[in-house]
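Hello,

Here is the structure I promised to pass on to you. Have a look at it first, and then read on for what turned up in it.

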Amino acid sequence: MTVRTRFAPSPTGYLHVGGARTALFNWLYARKHNGKFILRVEDTDAARNTEEARQAIFDGMNWLGLDWDEGPQVGGEYGPYQQSQRNDIYDEYFEKILSAGRVYEDDGAWRFRFDRKPVTMNDLVCGEVTIDYRDASNTPDMVVKRSDGSYVFHFVNVVDDLTMKMSHVIRGEDHLMNTPKHLQLFEALGAEPPQYAHIPLILNPNGSKMSKRDEGAAVGDYPRQGFLSEAVVNFITLLGWSSKTDEEIFSLTELIDRFSLEAVNRAPARFDLEKCKWVNQQHIARISTEAFTELAKPFVDDAGLPFADSAPAIAAVKEKVRLLSEVPAAIDFLVTDTAEPDPEAVEKAKANPNSAHLAALADHLATLTDWSADIAKEAIGVVAQANGAKPGQLMFPTRVALSGRAHGPDLGDIFTILGKEKTVARLKAF
C-alpha cells in the first residue's frame, strides 16, 4: 500500500504552530514510508477565506521545508485540490448516499441517517475508541447538506479523503469525536476508510489551550525573529513526539529516519518558547560560520550596521546568540563607535578596583609590535601581575571598557577585531 497523507488547512488566517505540527507529522510519515504528502485547501468558507491567508500557509510550509507532492501550485491526478472547485464531485457522492437511502430532507437541509449501532475505531495514537449510536438523543442524525445547497465539513472531508486515496489521516485530537461519523460515511459509500491517528493538543505553559493570539503561535513570526527553519521543525516535532532517547536535536533527515506514530505521546504537549530558542541555538552551533554569517546578513543590514566590515564580528558571536535577530546587538560595539553601553555593566566595572589598572594595560598594549589575540591576552596577565592582581580580575573591567557589556565574544576576538589603535583608545577613554 502506498502511504498517502494530507494537510488540509482553511485559509482564514495565518499558519498556526498547531497546524504546522499537523502538516509536519503528515509530511514526516509520508517521507519515512516513501509515500506522498498532499496539500488540500479547505476553502468553502467564502466569507472568511482570504488570498493573503492562503499565501501565508504556502509561505509558512515552504519556509519549514514541507514540500507537497500534490496540491495547489503542484497539481496531481486527484485534483482539484481546493474544495471550492470540487462541488461536482460532492454532488456525485451525495447522489450515491441519496440512492442508498442514507439521507433524508429536514427543513430544506439533508441529514445523514446514522446506522444505529456502536462504532469502534482503532486510532494509531489514542487506541480503541467506541461511540454508541444506538441512542439517537445523544447522536442525532447529522446534516451533510445545508438548505442553501452547500455541503458540511464532515461530508466533503470524507469525499476528499476517499477520492484522493488517503491511506492515513493524521490530525489533531480535537477531531477524535468526528471520526466515528466519518467511518459511518465511508461505510455508506462502500469504501475502505483510511487509518486515523489523532495527535495531542498543544497547550500554553500554564496549561491553557494555545490560541492564535498566544506568543509563538504564528509560524510567520519565526523567520522575522531570527529562527532557523530546521530548528523550528525540530522543536515542533518534539511537541508530542519523543525519540525515546535523551537526544533532542535532530536534522530533517534524522527526524524522517526516527519518526513513528508509535512514539507520539497521548498527553497534551506544552509549548515553551525558551526551549525553542535553546533548540535554535543548538542548530546555529551545527552550521558553518560562513552559513551563519550569510543568514545573519539581513538582520545586520536592517540594523544599519556595515555588513562589509561585520563578517569577523558575526563569526565571533556564533556561539553566543540564540537567534539571528540577536546578532546586531551582539556585534554593534565591534563595528561602530556609537554603540550604547550597558549602564549596569559600566557601573559595576567602574566600581571594580581593578579598573585602576586599565591605564597601565593601555600603555603596555601600545608598546606591542605583534598584535594577536594571544599576545594581547597575555598582556593582561603581565599588567595584572605587575599590579598585584590576578589576570581574571582584570578581564571583566577590560571587557566592559572595550564593549560596554558584561558578556560577549571571547576577549581575544574583541582585541583582534578592534585592532590595536581602537583597543588602546577605548581603554584610555574608560
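**Lysine 275 and what surrounds it**

Leaving aside residues up to four places away in sequence, lysine 275 touches Phe235 and Glu248. Please keep in mind that this is a predicted model. Lysine 275 has its place in helix α9. Is lysine 275 buried or partly exposed? Its relative accessibility is 25%, and because buried means under 20% and exposed over 50%, lysine 275 counts as partly exposed. Lysine 422 lies 147 residues from lysine 275 along the chain, and the C-alpha atoms of the two are separated by 38 Å.

**Helix α10**

Helix α9 also comes up as a packing partner: the buried residues of α10 pack against α6, α9, α11 and α12. Which residues of α10 are buried? They are Phe292, Thr293, Ala296, Phe299 and Val300. One way to see the spacing in that list is that residues three or four places apart point the same way, because an α-helix has 3.6 residues a turn.

Helix α10 covers residues 289-302, and its 14 residues should span 20 Å at 1.5 Å a residue. The C-alpha atoms at its ends are 20 Å apart, which agrees. There is still a kink of about 40° in α10, at alanine 296, shortly before proline 298. Just after α10, glycine 304 takes a positive phi of about 80°.

**The nonpolar cores**

The largest nonpolar core has 123 residues, and Met61 and Phe155 have the most contacts inside it. Helix α1 (residues 17-32) gives the largest share of this core, with nine residues. Apart from that core lies another one, of five residues, including Ile38, Tyr78, Tyr81 and Met166.

What does methionine 61 touch? Not counting residues up to four places away in sequence, methionine 61 is in contact with Phe7, Leu15, Ala23, Phe37, Leu39, Leu66 and Trp68.

**Aromatic pairs**

How many aromatic pairs are there? The count comes to 14. In one of them, phenylalanine 94 and tryptophan 110 meet edge-to-face, at 5.7 Å centre to centre and with 80° between the planes. Phenylalanine 94 lies in helix α3 (residues 87-99) and tryptophan 110 in strand β4 (residues 109-112), so this pair ties together parts that are 16 residues apart in sequence. Phenylalanine 94 is buried, at a relative accessible area of 4%.

Another edge-to-face pair joins tryptophan 371 to phenylalanine 415, at 6.0 Å centre to centre and with 80° between the planes. Tryptophan 371 sits in the loop between α14 and α15, while phenylalanine 415 belongs to helix α17 (residues 411-429), so the parts tied together here are 44 residues apart in sequence. Phenylalanine 415 is buried, with a relative accessible area of 0%.

Ring pairs also link Tyr90, Phe94, Trp110, Tyr151 and Phe155 into a cluster. Phe155 is familiar from the largest core, where it is among the residues with the most contacts.

**A hairpin to look at**

Strands β5 and β6 form a hairpin, with three residues between them. The two strands run antiparallel and are joined by six bridges. Aspartate 123 of β5 has glycine 127 as its bridge partner in β6.

The covered face of β5 holds Val119, Met121 and Asp123, and its uncovered face holds Pro118, Thr120 and Asn122. In a regular strand, side chains alternate between the two faces of the sheet.

Enjoy exploring!

Terms used
Residues are numbered from 1 along each chain as its sequence is written. This is a predicted model: local features need pLDDT of at least 70, side-chain atom pairs count only at pLDDT 80 or more; totals for chains, interfaces and linings use all residues. Side-chain values use heavy atoms; hydrogens and water are left out. A nonpolar core is a set of buried Ala, Val, Leu, Ile, Met, Phe, Trp, Tyr and Cys residues joined through side-chain atoms within 4.5 Å. Buried means under 20% relative accessible area, exposed over 50%, partly exposed in between (1.4 Å probe, protein chains only). Helices (H or I, at least four residues) and strands (E, at least two) are DSSP runs, numbered from the N terminus. Contact means heavy atoms within 4.5 Å. Two strands pair if DSSP finds at least two bridges between them. The expected span of a helix is 1.5 Å times one less than its number of residues. The bend at a residue is the angle between axes fitted to the seven residues ending there and the seven starting there. Rings of Phe, Tyr and Trp (its six-membered ring) pair if their centres lie within 6.5 Å; planes under 30 degrees apart count as stacked, over 60 as edge-to-face and the rest as tilted.
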